[in-house]
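Trainee: I should like to take a close look at one part of this structure, namely the pairing of charged side chains. Please explain it step by step.

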Amino acid sequence: MEKPSRRDVLMAGGTLGALGALSVATPAQAGSLWTWSPAGSVAGTGEGADPRWVWDPEADELVASLIDRGAVPEVNRLLRTWTKNGQPLPAGLPADLRDFMERARRMPPWADRGKLATAVGFNEKRGLYLGVTYGFASGMMSTVIPREARAVYYSKGGADMRDRITKTAKLGYDIGTSNAYGPDGEMIVTCVKTRLAHAGVRHLLPKSPYWNKVADEEIPISQADMMVTWHSLPTTVMQNLVKWKVPIPPAESEAFLHSWQVCAHMLGIKDEYIPNSWDEANAQARQVLDPILAPTPEGIKLADILLNMGTIVPGGPLKYVTKPILGSLTRYVLGDEIADWLQIPREPLWDGVFETLWEPFVAVREGLLSMEKAPGALQKFYWAFDEILRLGALLVLSGGDFPISIEIPDANNPNYP
């Protein structure tokens with residue numbers, strides 16, 4: 001069966017509906033047939049449509065219209081002044097955009113303010129670990145998610161990776177603040193603007209001959225693609241915290257998940273695809289994330305840029321966090337196969353240091369192990385681990401250090417027009 005064309009998919013309304021035949025996998029589609037049940041979602045029910053053929057129709061049609069009628073520069077100028085969740089939308093926005101944004105900024109009816117408050121405490125206690133995992137579990141994993149790596153590389157954001165990194169960090173920063181979803185917070189604003197930016201990429205990237213030459217999809221950033229990226233964040237983060245034996249009370253673990261469930265909804269992911277528990281999240285990730293990880297030339301280049309974060313993260317270079325150390329951290333967090341895909345050299349010293357000393361370091365920081373009973377070598381490398389935690393914190397905090405404007409693109413990467 002031929003892969004449906006962009007025109008076919010758009011005429012189908014961006015969803016399978018009764019066209020179940022479209023769910024047949026083709027060689028260009030990574031992964032297997034969609035089998036995850038919407039019964040495991042926050043909605044508890046749904047159509048069960050394969051998310052690889054579902055996008056964000058309302059946002060996509062709107063933003064395509066804004067781009068085609070030349071409204072994007074003025075819209076971006078106006079939206080730079082909209083920074084707080086409870087702030088009225090700027091005057092002068094096109095009526096269709098205003099109507100959409102007023103709907104898009106509403107919290108889902110299932111959002112639990114109590115859990116979101118508990119998540120604040122979790123983020124405050126685990127902020128240092130979260131910075132490292134967001135940067136080196138989630139960030140580096142994104143470079144071996146082929147569709148994401150290509151979309152980043154050839155879209156407008158790929159032209160300035162420092163800017164791209166800080167915009168991505170803003171999501172981690174905003175969700176970790178005490179007022180994330182409150183009127184004076186910024187998480188809702190960040191999500192809605194990101195949703196609009198995604199719609200812009202969907203409209204523009206298929207016009208890029210460079211992207212078309214390497215892409216295995218005709219429309220980027222499907223619901224499946226968004227869930228893959230989502231799993232590279234909270235699911236992967238929690239898996240690593242569990243691996244490192246960081247003690248997390250069940251209520252805090254559930255609350256952290258809930259904060260990201262709300263985030264998924266606000267980004268335009270359909271409720272029927274958002275897992276309702278960590279068990280369901282892990283099950284879905286095994287289907288949509290694990291099988292599609294692979295190297296790409298674009299991802300290898302992006303990974304090399306990320307490994308220089310010690311010098312590009314706002315706040316200045318960290319003297320002791322070198323590229324080889326960050327490479328070894330990536331190898332420890334993501335494993336040998338992914339590190340080899342990314343052409344990260346083996347570092348016999350630091351590879352061994354992370355394998356043997358990182359978990360004792362975490363145990364000492366958590367008060368679960370005294371330094372006197374820790375491996376003797378830990379004292380020698382403790383300073384380096386502390387610097388890595390500081391780098392992770394700077395990476396996330398860079399999302400709140402200065403005004404960052406997430407904007408609708410009006411072109412692709414100018415280096416690959």
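Mentor: In this predicted model, the side chains of E186 and K84 meet in a salt bridge, with 2.9 Å from N to O. E186 belongs to the loop between α8 (161–175) and α9 (187–204), and K84 to the loop between α3 (72–79) and α4 (95–104), so this pair ties together parts that are 102 residues apart in sequence. The general principle is that side chains of opposite charge can pair when their charged atoms come close. Neither partner is buried, because a buried residue must have under 20% relative accessible area: E186 is partly exposed at 23%, and K84 is partly exposed at 32%.

A second pair joins R126 to E366, and here the closest N and O atoms are 2.7 Å apart. R126 lies in the loop between α5 (113–125) and α6, whereas E366 lies in the loop between α18 (348–365) and α19 (376–397); the pair therefore ties together parts that are 240 residues apart in sequence. R126 is buried, with a relative accessible area of 8%.

A third salt bridge links D340 and R346, whose closest N and O atoms are 3.3 Å apart. D340 is partly exposed, its relative accessible area being 39%. This pair belongs to one network, in which salt bridges that share partners join R331, D336, D340, R346 and D351. In the whole structure, a search finds 26 salt bridges.

The loop that holds R126 leads to helix α6, which merits attention as well. Helix α6 covers residues 127–141, and at 1.5 Å a residue its 15 residues should span 21 Å; the C-alpha atoms at its ends are 20 Å apart, which agrees. There is nevertheless a bend of about 30° in α6, at T133. Of the 15 residues of α6, 13 are buried, so the helix is largely enclosed by the rest of the structure.

These details may now be placed in the setting of the protein. Its secondary structure consists of 19 helices and zero strands. Of its 417 residues, 55% count as buried. Among contacts with a separation of 6 or more, 75% are between residues 24 or more positions apart. The accessible surface comes to about 17300 Å², and carbon and sulfur atoms account for 56% of that area.

Key: Residues are numbered from 1 along each chain as its sequence is written. This is a predicted model: local features need pLDDT of at least 70, side-chain atom pairs count only at pLDDT 80 or more; totals for chains, interfaces and linings use all residues. Side-chain values use heavy atoms; hydrogens and water are left out. Helices (H or I, at least four residues) and strands (E, at least two) are DSSP runs, numbered from the N terminus. The expected span of a helix is 1.5 Å times one less than its number of residues. The bend at a residue is the angle between axes fitted to the seven residues ending there and the seven starting there. Buried means under 20% relative accessible area, exposed over 50%, partly exposed in between (1.4 Å probe, protein chains only). Contact means heavy atoms within 4.5 Å. Accessible areas come from the Shrake-Rupley method with a 1.4 Å probe; for residues, only the protein chains shown count as cover. A salt bridge is a side-chain nitrogen of Lys or Arg within 4 Å of a carboxyl oxygen of Asp or Glu.
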